[in-house]
Amino acid sequence: MNHTKVTEFLILGFPEFPELQLPFFFLFSLLYLMAVLGNLLVICIVCADQHLHVPMYFFLANLSVLDICSLTSIVPKMLTILLANDCNVSFAGCFLQMYCYTICVCIEFALLTAMSYDRYIAICNPLRYLIIMNKRACAVLAAASWVVGLLEPLPHHIVISQFPFCDSNVINHFFCEIAAVVKLSCSDTSIIQTMNYILGLFAVFIPYLLTLTSYVFIISTILKIRSSKGKSKAFSTCSSHLTVILMAYGTMIGLYIHPGAMDTADPNKLPIAMYIVTLPLLNPLIYSLRSRELKVALKKALTKTH
């Protein structure tokens, strides 16, 4: 059969809500701006305040940088679709966006795992905490998270980029999402299903097991503390991280990790959009509300500006 080779894709966005295009534009613009500014504020405060030059806030600053990258890979194009109906994206641009979003997800779970190890050492081995979690160890853990996250989805996307895309170029999503793009290929894509499970194993399931193991030891150690004040203080040091982990894994499982997630005809675009935009917004809020040190540093910074 003769086919027309696809050189660009057309991203539908949210055509099922024609009357809500402008309200969606203002909503996601506001959430995007708040999330970027919130994470930039965390980065600036952590860099400026010497008291925050500790492992937990070093990893938090990394997470904030990642959140800004994740948002910027998706939201600006989505906003142009909502406002100007600019739905076209080049073949290379689509795969770049798809790869950037995937590596951000992989790096996030790797960083959350490194942060859970930091909390494990802080609570289960507090006397040796500063020795074990020195600057070099933190730098290695952070660098490993970024490198692993960059490499994990690479084979996945190389294989997809070699698929022939014939005739249809309409992506039923608001960005170049893997399942929506693979669905347009006119060749056998069963290998991607296998690669999805492998990627999910290394990028999500193994970090989940490592994080779960850390928290089993953390909770066991906290329960052995005799005083209620000591238990409360120990738990407060990891409550922010635990909240972020529950949100990240909970929403990922709810939206993506279920039977037939890759074959869904009508993807849950609006819940996915809210997940992509609101999770990076909530991360700095959760840490700033629950962290006394970060609140003190923020107050100092606000006082200096006046």
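In helix α2, the residues Pro 55, Met 56, Phe 59, Leu 60, Asn 62, Leu 63, Leu 66, Cys 69, Ser 70, Ser 73, Ile 74 and Lys 77 meet Gln 97, Cys 100, Tyr 101, Cys 104, Ile 107, Glu 108, Leu 111, Leu 112, Ala 114, Met 115, Asp 118 and Arg 119 of helix α3, contact being taken as heavy atoms within 4.5 Å. The residues of this contact divide into 16 nonpolar, 4 polar and 4 charged, where Ala, Val, Leu, Ile, Met, Phe, Trp, Tyr, Cys and Pro count as nonpolar, Asp, Glu, Lys and Arg as charged, and the others, Gly among them, as polar. The model is a predicted one, in which local features need pLDDT of at least 70 and side-chain atom pairs count only at pLDDT 80 or more, while totals for chains, interfaces and linings use all residues. Residues are numbered from 1 along each chain as its sequence is written, and side-chain values use heavy atoms, with hydrogens and water left out.

The axes of α2 (residues 55-84) and α3 (residues 91-124) come within 10 Å and cross at roughly 165°; these axes are lines fitted to C-alpha atoms over the stretch in contact, with angles running from 0 to 180 degrees between N-to-C directions. Helices here are DSSP runs of H or I with at least four residues, numbered from the N terminus. The two helices are therefore roughly antiparallel to each other, a term that applies to angles over 145 degrees.

Turning to enclosed space, the count comes to 1 cavity of 30 Å³ or more, a cavity being a set of points on a 1 Å grid over the protein atoms alone where a 1.4 Å probe fits but cannot get out. The largest cavity holds about 110 Å³ of space, the volume being that filled by probe spheres set on the grid points. Its lining, made of residues with an atom within 4 Å of a point, includes Leu 66, Ser 70, Tyr 101, Cys 104 and Glu 108. Helix α10 gives the most to this lining, with 5 residues, and the lining residues divide into 8 nonpolar, 2 polar and 2 charged.

The second largest pocket, a pocket being an open set with protein on both sides within 12 Å along at least five of seven lines, holds about 680 Å³ of space. Of the 26 residues that line this pocket, Met 56, Arg 119, Lys 233, Thr 237 and Glu 293 lie nearest its centre. Helices α2, α3, α9 (228-255), α10 and α11 (292-305) each supply at least two lining residues, with α9 giving the most, 7 residues.

Conventions:
Angles under 35 degrees count as roughly parallel, over 145 as roughly antiparallel, 65 to 115 as roughly perpendicular and the rest as oblique.
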